[in-house]
Amino acid sequence: MSQDNTYALVADIGGTNTRVALADSTIVRKDTIKRYQNAAYPGLADVLHTYLCEIGGAEPVATCVAVAGPVSNGTAAMTNFDWTMNLQTLRDATRAGTVDILNDLQAQGHSVGYLSADMLHPVLHGKPPAPHASSLVVNVGTGFNASPVFDTPGARVVPPSECGHVTLPTRTAEHERLSAYVGHEHGFPSVEDVLSGRGLVNVFRFVGSEMGTSGDLSAQDIMSACAAGDEQARNTVRLCVEILGGVTGNLALTHLPFGGIYLVGGVARAFAPFLTDFGFGEAFRDKGRFASFMDDFAVNVVTDDYAALTGCAAHMARTVAT
């Protein structure tokens with residue numbers, strides 16, 4: 001299909017798949033979303049060229065991609081796949097006049113405020129936010145990371161972070177035993193060793209050692225077993241949810257996100273049905289004399305799997321407008 005030169009091209013580049021779409025200002029056109037297997041292409045430029053050919057040769061006015069990996073000085077190296085890219089890659093592939101590369105967590109931060117209410121699963125209700133209040137995105141997926149979202153008069157700022165690699169905090173004797181178990185297995189007990197896809201597997205093994213059982217399950221199978229009532233799987237998810245509540249509460253006190261906290265990522269979405277019953281709120285508020293203060297912060301799970309595309313679109317719409 002032929003497109004006027006008014007659209008932005010946006011892409012979400014994961015470790016396995018890349019999703020590409022066109023955006024009209026801050027709105028991602030769902031009918032243009034296409035998914036590509038990374039392993040079938042030598043680099044991102046080939047994916048973007050293929051996409052533009054398939055939709056009829058659109059010439060986007062801007063291009064923004066979200067990358068699962070660190071971004072520095074306009075260059076990105078993916079964490080779980082052997083691709084590197086830079087701003088010139090995007091210019092050459094799309095001929096767009098304005099280009100940018102975001103870390104995938106930063107893209108999620110740029111989506112805040114542009115997601116419809118039906119894409120948010122409420123967990124905790126906080127106070128109504130003041131205009132331009134900062135927010136917080138917490139990603140629980142293949143890895144763990146979090147970043148504040150600051151709205152300034154000139155721009156929205158979502159700083160980079162690697163907080164998934166900080167030391168795992170503990171609140172109970174069970175948490176202490178889990179920390180020791182993870183530290184023994186991996187040399188250092190990080191938050192990501194528990195709160196991520198592989199972290200879920202680590203906790204399942206720990207719970208099995210406590211129960212005297214053996215055997216492994218994938219993260220997806222653990223969640224299915226939890227929903228079916230399996231005791232080991234339910235104890236696994238309960239323990240992860242408790243720790244997620246405590247970690248998120250720590251981040252709330254660190255950043256004071258009165259604009260709300262947004263849990264994003266596949267594991268966060270899988271946890272959503274269990275957060276209330278398995279004690280997320282109690283762990284989040286377990287801050288001693290600051291317990292009542294924690295009621296100021298709203299927490300939502302973002303259920304939109306395309307939120308990173310929306311974040312890229314919103315970022316480009318602001319960039320082109322300035």
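Two residues are taken to be in contact when heavy atoms of theirs lie within 4.5 Å. By this criterion, among contacts in the chain of this predicted model between residues at least 6 apart in sequence, 68% join residues at least 24 apart. The chain contains 10 helices and 15 strands. Its radius of gyration is 20 Å, close to the 20 Å that the globule rule gives for 322 residues, and the chain is therefore as compact as a globular protein of that length. Along the principal axes, the C-alpha atoms fill a box of roughly 60 × 45 × 35 Å. Of the 322 residues, 52% count as buried. The area exposed by the chain amounts to about 14,000 Å², of which carbon and sulfur atoms supply 51%.

Two of the helices, α2 and α5, are described here in detail. Helix α2 comprises residues 87-94, and its residues Thr89, Leu90, Ala93 and Thr94 are buried. These residues lie on the same side of α2, because they cover an arc of only 100 degrees around the axis. The partners against which the buried residues of α2 pack include two helical and strand elements from earlier in the chain, α1 (44-54) and β1 (8-13). Strands β5 (62-67), β8 (84-86) and β9 (98-103) are also packed against by the buried residues of α2. At the start of this helix, the backbone nitrogen of Gln88 is approached to within 3.1 Å by a side-chain oxygen of Asn86. Just after α2, Arg95 adopts a positive phi of about 60 degrees.

Helix α5 spans residues 197-211, 15 residues in total. The distance from its first C-alpha to its last is 21 Å, close to the 21 Å expected at 1.5 Å a residue. Buried positions in α5 are Gly197, Gly199, Leu200, Val201, Asn202, Val203, Phe204, Phe206, Val207 and Gly208. The packing partners of these buried residues are the helices α4 (173-186), α6 (219-227), α7 (231-255) and α8 (266-271). The N-terminal end of α5 is capped by Ser196, a side-chain oxygen of which lies 2.9 Å from the backbone nitrogen of Gly199. Gly199 thus appears both among the buried residues of the helix and as the partner in this capping contact. After α5 comes Gly212, with a positive phi near 80 degrees.

Note on methods
Residues are numbered from 1 along each chain as its sequence is written. This is a predicted model: local features need pLDDT of at least 70, side-chain atom pairs count only at pLDDT 80 or more; totals for chains, interfaces and linings use all residues. Side-chain values use heavy atoms; hydrogens and water are left out. Buried means under 20% relative accessible area, exposed over 50%, partly exposed in between (1.4 Å probe, protein chains only). Helices (H or I, at least four residues) and strands (E, at least two) are DSSP runs, numbered from the N terminus. The arc is that of the directions from the helix axis to the C-beta atoms. A polar contact is a pair of N or O atoms within 3.5 Å; within protein, one must be able to donate a hydrogen and the other to accept it, and residues adjacent in sequence count only if both atoms are side-chain atoms. The expected span of a helix is 1.5 Å times one less than its number of residues. The radius of gyration is taken over C-alpha atoms; the globule rule is 2.2 Å times the number of residues to the power 0.38. Accessible areas come from the Shrake-Rupley method with a 1.4 Å probe; for residues, only the protein chains shown count as cover.
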